[in-house]
Amino acid sequence: MKRIVILTGAGISAESGLGTFRDVGGLWSQYDLEEVATPQGFARNPALVHDFYNARRANMLDAAPNAAHAALARLEAEYPGEVLLVTQNVDDLHERAGSKNVLHMHGALSGAVCAACDHRWPAPRAMDPAAPCPACTAPRARPDIVWFGEMPFHMDEIGHALARADLFVSIGTSGEVYPAAGFVDEARACGVETLEINLEPSLVPGLFDRVIAGPATQAVPDWVAEVLA
Ligand code: APR
């Protein structure tokens, strides 16, 4: 097996104490995603949106990577082929665990972008809706996050990687949000072997050649040990 493409979702950071979205008590049961995760919501009430992401950024900064993040960093370091990590997550736990080849398709809490001039800069722990953009001074700063209705980042690179992969692994995602939810179909259409590692099987079981059920901090290190053996 020469090339592995891994997709991760909120489930891989759950045991680091960061919330998932659709589990019982998840973020979308606490907040209305229309208000905090859409461009329309940001236009209506930027302060509410910044409150939401400032709380998630604080949780992220206070959290630590877990054994699943560490195992994927070990795989990248020790595997004799290529490992590409595509994450839907906006936390930086993969990087803090040591992963280098990471694509954040939904953006990152660590980044800020100006809605007026598209200038990007590292986000402070708490962003202030009235703060001027460092480049154009307009008070239009937003978290560098992809909202519903916006185009995810790195889609061309991800599509090419899926087409030429030997193995596609989906970890800790409910498979409910496109385009990420369609990656397994793209992989299968190109004859790529597919594996799901999730607390419980998230999709019709037939989509994945193999399913490993269990908490990521146990299932991911076990799988990485198997691959590196
Ligand atoms: N170990 C492994 N999997 C887990 C664990 C765990 N400890 N805890 C939860 N899970 C699984 C759940 O079973 C579920 O399938 O993680 C998945 C989390 O699903 P979601 O909450 O829907 O999160 P995700 O799939 O990442 O959401 C995708 O939706 O809201 C948007 O942009 C947001 O990136 C997010 C996207």
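This talk goes through the domains, the aromatic pairs and the salt bridges of one protein model. The model is predicted, so please keep that in mind throughout.

I start with the domains. The protein is divided into two parts: domain 1 covers 1-17 + 65-106 + 152-229, and domain 2 covers 19-62 + 108-145. Their centres, taken over C-alpha atoms, are 25 Å apart. At the interface, 14 residues of domain 1 touch 12 residues of domain 2. About 1000 Å² is buried between the two domains, and carbon and sulfur atoms give 60% of that. On the domain 1 side, the residues that lose the most area are A10, V90 and F153, which together make up 41% of what that side buries. The rule finds one salt bridge across this interface.

Next, the aromatic residues. How many aromatic pairs does a search of the whole structure find? The search finds seven. One of them is F42 with W147: the ring centres are 5.3 Å apart and the planes are at 40 degrees, so this pair is tilted. F42 is in helix α3, residues 39-44, while W147 is in the loop between β6 (141-145) and α7 (155-163), so the pair ties together parts that are 105 residues apart in sequence. F42 and W147 are both buried. They also belong to one aromatic cluster, along with F21, W28, Y31, F52, Y53 and F148. W147 has a charged partner too: the charged end of R142 sits over its ring, 3.8 Å from the centre.

Now the salt bridges. Searching the whole structure gives 10. In one of these, D62 meets R125, at 3.2 Å from N to O. D62 is in helix α4, residues 46-62, and R125 is in the loop between β5 (120-122) and β6, so far along the chain that 63 residues separate them. D62 counts as exposed, at 58% relative accessibility, whereas R125 is partly exposed, at 44%.

Another salt bridge joins R210 and E226, at 2.8 Å from N to O. Here a strand meets a helix: R210 is in β9 (residues 210-213) and E226 is in α9 (residues 216-228), 16 residues apart. Both are partly exposed, R210 with a relative accessible area of 35% and E226 at 44%.

In a further case, R96 pairs with D92, with the closest N and O atoms 3.0 Å apart. Is D92 buried or exposed? D92 counts as buried, at 18% relative accessibility, while R96 is partly exposed, at 37%. Finally, D118, R120 and D144 are linked in a salt-bridge network.

Methods:
Residues are numbered from 1 along each chain as its sequence is written. This is a predicted model: local features need pLDDT of at least 70, side-chain atom pairs count only at pLDDT 80 or more; totals for chains, interfaces and linings use all residues. Side-chain values use heavy atoms; hydrogens and water are left out. Rings of Phe, Tyr and Trp (its six-membered ring) pair if their centres lie within 6.5 Å; planes under 30 degrees apart count as stacked, over 60 as edge-to-face and the rest as tilted. Helices (H or I, at least four residues) and strands (E, at least two) are DSSP runs, numbered from the N terminus. Buried means under 20% relative accessible area, exposed over 50%, partly exposed in between (1.4 Å probe, protein chains only). A charge sits over a ring if NZ of Lys or CZ of Arg is within 6 Å of the ring centre and within 35 degrees of the ring normal. Domain bounds come from an automatic or database domain assignment. Contact means heavy atoms within 4.5 Å. Buried area is the accessible area (1.4 Å probe) that two parts lose on being put together, summed over both. A salt bridge is a side-chain nitrogen of Lys or Arg within 4 Å of a carboxyl oxygen of Asp or Glu.
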